[in-house]
Amino acid sequence: MFLDVWEWYILEDSHQCFSGDLMKKISAKLLRIYLKEEDKYGKELLINSIIKTLKTNGIAGATVFKGFCGYGTRGISRIDILRLSMNLPAVIECIDYEEKLNDIMPKLVEMVSENGLITIQDIDVFKELKK
């Protein structure tokens, strides 16, 4: 049956797929920062400042997603061909251990200030175990 192939079997602290590949389940946190693409931190774009700060502080990696429409306390942002500047919504995501994200959180809160929203969620990360 198709579902049997994808069913996970627990082996102590690891997981084993039907195919025999060993995977380790790691508890981590997903950090999301919601802002607008033209927000500034000092003279630099806030997105660039946050990415530099995450990298400097050893966060495993980050990705920036650009939206085409959104709204929040600062109004509606959307693509408008008649406007030269669009200031669209953006989301920065990164995944790391809770301790590492907690260490950097005060700096991120200061940088984002009232320009956005920061959220953290519990997630499970699956990594292949080396054979």
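Student: Which residues does leucine 54 touch, beyond four places away in sequence?
Tutor: This is a predicted model, where local features need pLDDT of at least 70 and side-chain atom pairs count only at pLDDT 80 or more, while totals for chains, interfaces and linings use all residues. Residues are numbered from 1 along each chain as its sequence is written, and side-chain values use heavy atoms, without hydrogens and water. Contact means heavy atoms within 4.5 Å. Leucine 54 touches Leu31, Ile59, Ala62, Ile92, Cys94, Ile104 and Leu108.

Student: Which element gives the largest share of the largest nonpolar core?
Tutor: Such a core joins buried Ala, Val, Leu, Ile, Met, Phe, Trp, Tyr and Cys residues through side-chain atoms within 4.5 Å. This one has 17 residues, and Leu54 is among those that touch the most other members. Two or more residues come from each of β3 (22-36), α2 (46-56), β9 (89-96) and α3 (98-112), where helices (H or I, at least four residues) and strands (E, at least two) are DSSP runs numbered from the N terminus. The largest share, six residues, comes from α3.

Student: Is threonine 53 buried or exposed?
Tutor: Threonine 53 sits in helix α2. Its contacts beyond four places in sequence are Ile104, Lys107 and Met111. Buried means under 20% relative accessible area, exposed over 50%, partly exposed in between (1.4 Å probe, protein chains only). At 13%, threonine 53 is therefore buried.

Student: Which element of the protein chain has the lowest mean pLDDT?
Tutor: pLDDT is the predictor's confidence in each residue, from 0 to 100. The chain averages 80, and α2 has the highest element mean, 97. The lowest, 34, belongs to helix α1 (residues 2-6).
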